[in-house]
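Me: I would like to learn how to read the features of a two-chain model with some care. Could you take me through this one step by step?

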Amino acid sequence: MIRKEVTVCNRLGLHARAAAKLVQIANQFQAQVSLTTNQMCADAKSILGVLTLAAAKDTPLIIEVDGPDEAEALSQIEHLIQDRFGEGE
Amino acid sequence: MTRLTGTPVSPGIAIGTSQIILVQEIPVVKTSIAPEAASGEVERLRKALEATIGDVENLKERARSRLSEDFLAIFDAHVIILKDPALLRGAKARIERSGVNAEYALQGSIQDMVRGLMATDDPYFQERAMDVEGLHRRVQQHLAGPLPEKTTWTSGERVVILADTLTPSETSTLHNAPIVAFATEHGARTSHTAIIARSLEIPAVVGVKGLTKTAESHGTVIVDGLEGLVILNPSEAELAEYERRAEAYQRHRKAILGQARKEARTVDGTLIRVTANLDLTDEIGSALAAGASGVGLYRSEFLFLDHSPDLPTEEDHLGYYDRIAQAFYPHRVVIRTLDLGGEKYFHAVLDRTERNPVLGVRAIRFCLRQPEIFRTQLRGILSASKRKNLAILFPMITTLQEYQQASDHLEACKRELKADGVPFDEHIPVGIMVEVPSCALTAEAYAPLVDFFSIGTNDLIQYLLAIDRNNDSVAHLYDPMHPAVLKCIAHVCDAAAAEGKPVTVCGEAAADPMMTPLLVGLGVSELSMTPSSVLEVKNHIRNLSLRACQKLAKKALKARTGAEVAELVKTAVGGAKG
């Protein structure tokens with residue numbers, strides 16, 4: 001199991017399109033992926049879970065990944081968040 | 001024999017065998033299962049979910065070439081929802097703990113999902129929650145066993161799809177069916193069915209009341225996408241009549257298609273520009289093929305809705321407008337600035353609690369309160385204007401002050417772009433949309449200032465006659481031929497003519513063959529309409545004489561009722577032909 005803390009840095013936070021992208025990427029891996037804010041924890045493969053986190057800009061997020069392909073999964077998810085979900089700005 | 005009427009959304013006439021797509025509730029029966037059967041139930045459900053995901057992905061692949069990326073993203077959202085582990089986990093818990101069947105467990109789990117999505121602060125997924133019902137039906141169908149719909153079709157078969165409503169998940173049941181027409185009980189011009197039908201160039205009628213109650217599968221049905229008619233179990237005589245009409249329409253279509261490139265001049269030589277109303281960039285191809293001389297109205301709302309809950313960036317605007325400007329060059333493309341609000345569209349930036357949104361903060365009122373959103377769009381339009389074939393249209397102007405404020409924003413944006421060294425059309429034409437009676441009646445105040453007027457008849461009629469367009473009980477009062485409507489149009493045309501400014505009509509009236517002679521006679525020089533009507537209207541104009549139209553308009557302005565106007569038009573058109 002590996003974990004890493006990142007900060008949501010896109011303007012709109014984990015909203016519709018960003019959440020959908022994150023779930024799509026998490027779904028490509030066998031590993032379990034969870035996201036934890038200081039309030040709650042969600043399964044990154046669950047769109048309902050990710051939306052319920054309602055993580056706005058500047059929310060610190062702990063990504064935990066557990067499974068055979070955990071390293072690659074973590075790296076891709078981290079990159080997506082750091083890259084502001086490809087939203088530019 | 002039963003005749004039903006609805007709204008024609010895609011032209012043509014087709015005769016075929018009805019196939020009803022069941023969208024009705026599938027009764028979900030609760031049964032108890034033994035503990036040892038639980039794992040079998042879970043497996044059955046898992047397979048049904050997988051099959052449904054397969055359906056959605058299949059549909060997305062088949063739609064890929066026809067629909068925009070933003071439209072396709074809806075399919076992805078559906079897949080993500082179906083794959084949500086909470087869905088299967090919730091159902092599994094119900095099967096194992098409460099000993100219920102997969103169907104019943106799924107229903108509970110789906111309800112949780114809908115509630116959960118609705119509870120999030122995310123308008124995009126709240127909207128998708130409404131789609132979940134359709135997805136649920138599909139999973140239930142898979143649970144019920146092999147799908148009841150036909151999946152193979154013999155060659156030469158002609159299928160007419162009759163449905164309550166068609167969502168992407170319903171359409172996914174139609175693998176390679178030889179569909180010749182659609183008719184649905186609900187829906188509008190912009191609904192999924194209408195878009196698909198127009199892209200397939202087959203007739204479609206929507207909003208057909210009582211369709212699913214009356215119709216049966218495997219019967220003969222006629223769909224008339226010109227008149228908005230559905231005929232179930234037609235008589236021999238009717239069949240013969242419509243076969244003749246369908247053939248005549250094909251011949252006529254071929255003939256006018258040959259003249260698509262030719263401009264539309266009246267018999268006495270006056271050029272009337274016939275242009276397209278566009279919502280989606282998807283329709284560029286069909287507008288060009290129909291011979292539209294540009295775009296009289298690009299409704300930028302869809303660009304905003306596609307990005308909801310985000311807002312389109314300046315680059316997003318630039319990208320869309322540049323594409324259209326390029327596609328239609330050298331013809332002109334009129335971009336209407338954001339007309340969000342009212343009854344039609346919802347976006348996260350709007351106030352959901354407005355009590356009377358049609359009279360509330362919509363269109364230019366919204367833009368002037370949110371200058372950042374407005375200026376982002378104006379800069380986007382300007383940056384795309386370097387070919388000098390774009391124009392700007394401000395919607396729902398009610399007072400001169402609003403027009404001046406909007407122009408000030410535009411001038412400020414021009415200065416910003418100049419400072420940034422971005423090339424743009426410094427003399428980009430600016431027009432106002434005449435939709436509010438106060439604007440129509442004071443048109444002379446605007447005439448020296450604007451480059452053109454564009455009359456949006458749909459809203460003008462709604463505001464002038466006090467009729468809610470979406471209220472069936474007052475729909476019969478909605479009358480483009482009402483003399484008050486004609487007087488407003490005449491007033492705008494006269495005020496514009498005094499300053500040498502052109503007038504466009506871009507409501508549904510522009511595509512109404514009964515209205516064409518009146519509008520031309522009143523002095524309208526451009527008609528902008530849905531691309532599928534362009535060919536017909538151009539052809540119609542070639543048979544009109546400007547002088548006869550002017551005479552007709554003069555008489556019509558003296559009529560007391562819409563019915564009297566209709567009579568005058570019928571006599572005039574009939575007289576011209578005979």
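Me: How should I read the radius of gyration of chain A, given its 89 residues?

Reply: The general idea is to set the value beside the one that a compact globule with that number of residues would have, and in this predicted model the globule value is near 12 Å while chain A has 11 Å, so the two agree. Along its principal axes, the C-alpha trace of chain A spans about 35 × 25 × 20 Å.

Me: Which elements make up chain A, and in what order do they run?

Reply: Chain A holds three helices and four strands, and read from the N terminus they follow the order β-α-β-β-α-β-α.

Me: What do burial and contact separation look like in chain A, and how much surface does chain A have?

Reply: A residue counts as buried when its relative accessible area is under 20%, and 52% of the 89 residues of chain A are in that class. Of the contacts in chain A with a separation of 6 or more, 71% are between residues 24 or more positions apart. The accessible surface of chain A is about 4100 Å², and carbon and sulfur atoms hold 48% of that area. As for charge, chain A carries 8 positive and 12 negative charges, whose mean positions lie 8 Å apart.

Me: What are the corresponding values for chain B?

Reply: In chain B, buried residues make up 54% of the 578 residues, and residues 24 or more positions apart provide 69% of the contacts with a separation of 6 or more. Its accessible surface comes to about 25000 Å², with 52% belonging to carbon and sulfur atoms, and the secondary structure of chain B consists of 23 helices and 16 strands.

Me: How many residues does each chain bring to the contact between them, and how much area is buried there?

Reply: An interface can be read by its residue count and by its buried area, and here 16 residues of chain A meet 21 residues of chain B. Together the two chains bury about 1500 Å², of which 63% is on carbon and sulfur atoms. On the side of chain A, R17(A), I47(A) and L48(A) supply 39% of the area buried against chain B, more than any other three residues.

Me: Where does I222(B) sit, and which residues does I222(B) touch?

Reply: For a single residue, one reads its element, its accessibility and its contacts in turn. I222(B) belongs to strand β7, residues 220–224 of chain B, and with a relative accessible area of 0% it counts as buried. Its C-alpha atom is 4.5 Å from that of I15(B), although 207 residues separate the two along the chain. Beyond four places in sequence, the residues that I222(B) touches include I13(B), A14(B), I15(B), L229(B) and Y242(B).

Me: Is R128(B) buried or exposed?

Reply: R128(B) is buried, since its relative accessible area of 5% falls under the 20% cut-off. The residue is in helix α5, residues 123–143 of chain B, where, leaving out residues up to four places away in sequence, R128(B) touches I74(B), A77(B), H78(B) and I81(B).

Me: What should I make of R542(B), which is an arginine in a loop?

Reply: R542(B) lies in the loop between α21 (531–541) and α22 (546–556) of chain B, and a relative accessible area of 14% places R542(B) among the buried residues. Apart from neighbours within four places in sequence, its contacts are Q259(B), K262(B), E263(B), A264(B), R265(B) and V267(B).

Me: Which points of the backbone deserve a second look?

Reply: Most residues other than glycine have a negative phi, and most peptide bonds are trans, so departures from either pattern are worth noting. The peptide bond from Y329(B) to P330(B) is cis, with omega near 5°, and P330(B) is in the loop between α12 (314–328) and β11 (333–336) of chain B. N233(B) has a positive phi, near 45°; N233(B) is in the loop between β8 (229–232) and α9 (236–257) and is partly exposed, at 47% relative accessible area. A466(B) also has a positive phi, near 55°, and occupies the loop between α18 (457–465) and α19 (483–498), where its relative accessibility of 68% makes A466(B) exposed.

Methods: Residues numbered from 1 in each chain as written. Chains lettered and ligands numbered in written order. Predicted model: local features only at pLDDT ≥ 70, side-chain atom pairs only at ≥ 80, totals over all residues. Heavy atoms only, no water. Helix = DSSP H or I, 4+ residues; strand = E, 2+ residues; numbered from the N terminus. Rg over C-alpha atoms; globule rule 2.2 N^0.38 Å. Buried < 20%, exposed > 50% of the residue type's maximum accessible area, 1.4 Å probe, protein only. Contact = heavy atoms within 4.5 Å. Areas by Shrake-Rupley, 256 points an atom, 1.4 Å probe, with all protein chains shown as cover. Lys, Arg positive; Asp, Glu negative; His and termini not counted. Charge placed at Lys NZ, Arg CZ, Asp CG, Glu CD. Buried area = accessible area lost by both parts, 1.4 Å probe.
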